[in-house]
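Me: I would like to go through this model and ask, term by term, what justifies the words used for its sheets, helix packing and pocket.

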Amino acid sequence: VHNQGIQLLGMMNFLAARSICRPLYYMLQTQRQEDAGRFTIAGQNAQREKLPSKRALEGVADIYSTYAKDSADRLRAAALALLVVTGFRLGELLTLPLDCEVTEVSGGKERYGLRYYKEKARGAERMFDIRWLTPTGAELARKAIAEIREITEPARLRAKILEQDPNRIPIPGYHWADHMSRDELAAVLGLQSRESLRHISRKKLPRYLEHGRCFYRASEVETYLLSERVAHLWTLDRRDGTYQLLSETLFIAFSRSFHATYLANPLLVEPMTLSTLSDFMVGGVGRKSAFERFNIREENGDCCRITSHQFRHWLNDLADKGGLPVDQQTRWFGRENPKDTQAYH
């Protein structure tokens, strides 16, 4: 029943994401099945295979400290740094609020944590929680978040402009009735040259000739940009009637910021997506992972590979070997059921 319920909820989330049905905010009440395999040698070996290799973890550190140079790579490398110390699910990481850092004094000692929205929580509302970090983890998280804020600040300023009037995409320096030359439009859209405009369909963006010169109407450029904009100017439905806006979210970027061949569009802002980070870690169709691009390999010569969930397995393994009780592990990882934690062991 539990496994079938998980499949049904996955189908409902898939349909809701495509506006085919309303979201179903429900947490299964059935108990997870006992995993007898974790008590066998074969089961324990299978669990160890889910852990990232030592070389892959070292590669993540090398990417963050040495190889990642441009802003797109730096933003994704900083995201990996947070995964290393927090074990967040990707959805929890990418919906971190801008003001996620929390510091308080407990027992005469200062502690540092990150506020986040629990991805799997009982009840309808998305619940805030705090992931408290070790001193070493706090040092790395502070550095990564400061860099993320610096990289995303221009996109955040633009997001605030878009949020003021969701029905418009204002173009700096132009009135809606102005005409724009091809060179002007290419510069506004962040294109490398006006020749790149040929890839935009005339049905989407009409062009006109006057005295032998091509021009575009600023009002129609705005209409085109509206069609290219993400559907919502928010990143998270809190399920209490409010939303977390783009400008209130830590991980945002200009449109096309992570595209290999196009420059970023400085007029549109979008949230950083799951695929953007997954492609950086494991690659995709026609796209090399960061490990492939920077030639980071295992001892046997194979290219390193790591997934976001392997960070959770790794941290779970560290906590278990360190003797942290299962109930405390369950709370720290934001889980509801201790059996979910035991399934990682």
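Me: In this predicted model, what makes β4, β6 and β5 an open sheet, and which strands stand at its edges?
Reply: The three strands are arranged in the order β4-β6-β5 with antiparallel pairing, and β4 (179-181) and β5 (208-210) stand at the edges, since each has a single partner strand, so one side of each is left without a neighbour in the sheet. On average, neighbouring strands are turned by 50 degrees against each other, direction ignored.

Me: How do you know that β4 and β6 pair?
Reply: Pairing requires at least two bridges found by DSSP, and three bridges join β4 to strand β6 (residues 213-217), the two running antiparallel; the pair therefore meets the criterion. Within this pairing, S181 stands opposite F215 in β6.

Me: Which helices pack on this sheet, and at what angles?
Reply: Helix α7 (residues 182-189) touches β4 and β6, and its direction makes about 90 degrees with that of β4, while helix α8 (residues 218-228) lies across β4, β5 and β6 and runs at about 60 degrees to β6.

Me: Why is the angle between α7 and β4 called roughly perpendicular, and that between α8 and β6 oblique?
Reply: Angles of 65 to 115 degrees count as roughly perpendicular, so the value of about 90 degrees for α7 against β4 falls in that class, whereas the value of about 60 degrees for α8 against β6 lies outside it and counts as oblique.

Me: What makes β2 and β3 partners in the sheet ordered β1-β2-β3?
Reply: Six bridges join strand β2 (residues 109-117) to β3 in an antiparallel arrangement, and because at least two are needed, the two strands pair. One of the bridge partnerships is that of Y117 with F128 in β3. Helix α6 (residues 135-164) lies across β1, β2 and β3, running at about 50 degrees to β2.

Me: Why is α4 called roughly perpendicular to α9?
Reply: The two helices pack at an angle of about 85 degrees, with their axes 10 Å apart, and because 65 to 115 degrees is the range for that term, α4 is roughly perpendicular to α9. In the contact, D73, R76, A77, A79, L80 and L83 of α4 meet T276, L277, F280 and M281 of α9, and these residues divide into seven nonpolar, one polar and two charged.

Me: Which elements and residues line the second largest pocket?
Reply: This pocket, with a volume of about 570 Å³, is lined by 21 residues, of which R76, F258, H259, A260 and R287 lie nearest its centre. The elements giving two or more residues to the lining are α4 (71-86), β10 (265-271) and α9 (274-282).

Technical notes
Residues numbered from 1 in each chain as written. Predicted model: local features only at pLDDT ≥ 70, side-chain atom pairs only at ≥ 80, totals over all residues. Heavy atoms only, no water. 1 Å grid on protein atoms, 1.4 Å probe; cavity = no way out; pocket = protein on both sides within 12 Å on 5 of 7 lines; lining within 4 Å. Points joined across faces, edges and corners; volume = space filled by probe spheres on them. Helix = DSSP H or I, 4+ residues; strand = E, 2+ residues; numbered from the N terminus. Contact = heavy atoms within 4.5 Å. Axes fitted to C-alpha atoms, helices over the stretch in contact; angles between N-to-C directions. Parallel < 35°, antiparallel > 145°, perpendicular 65-115°, else oblique. Nonpolar A, V, L, I, M, F, W, Y, C, P; charged D, E, K, R; others polar.
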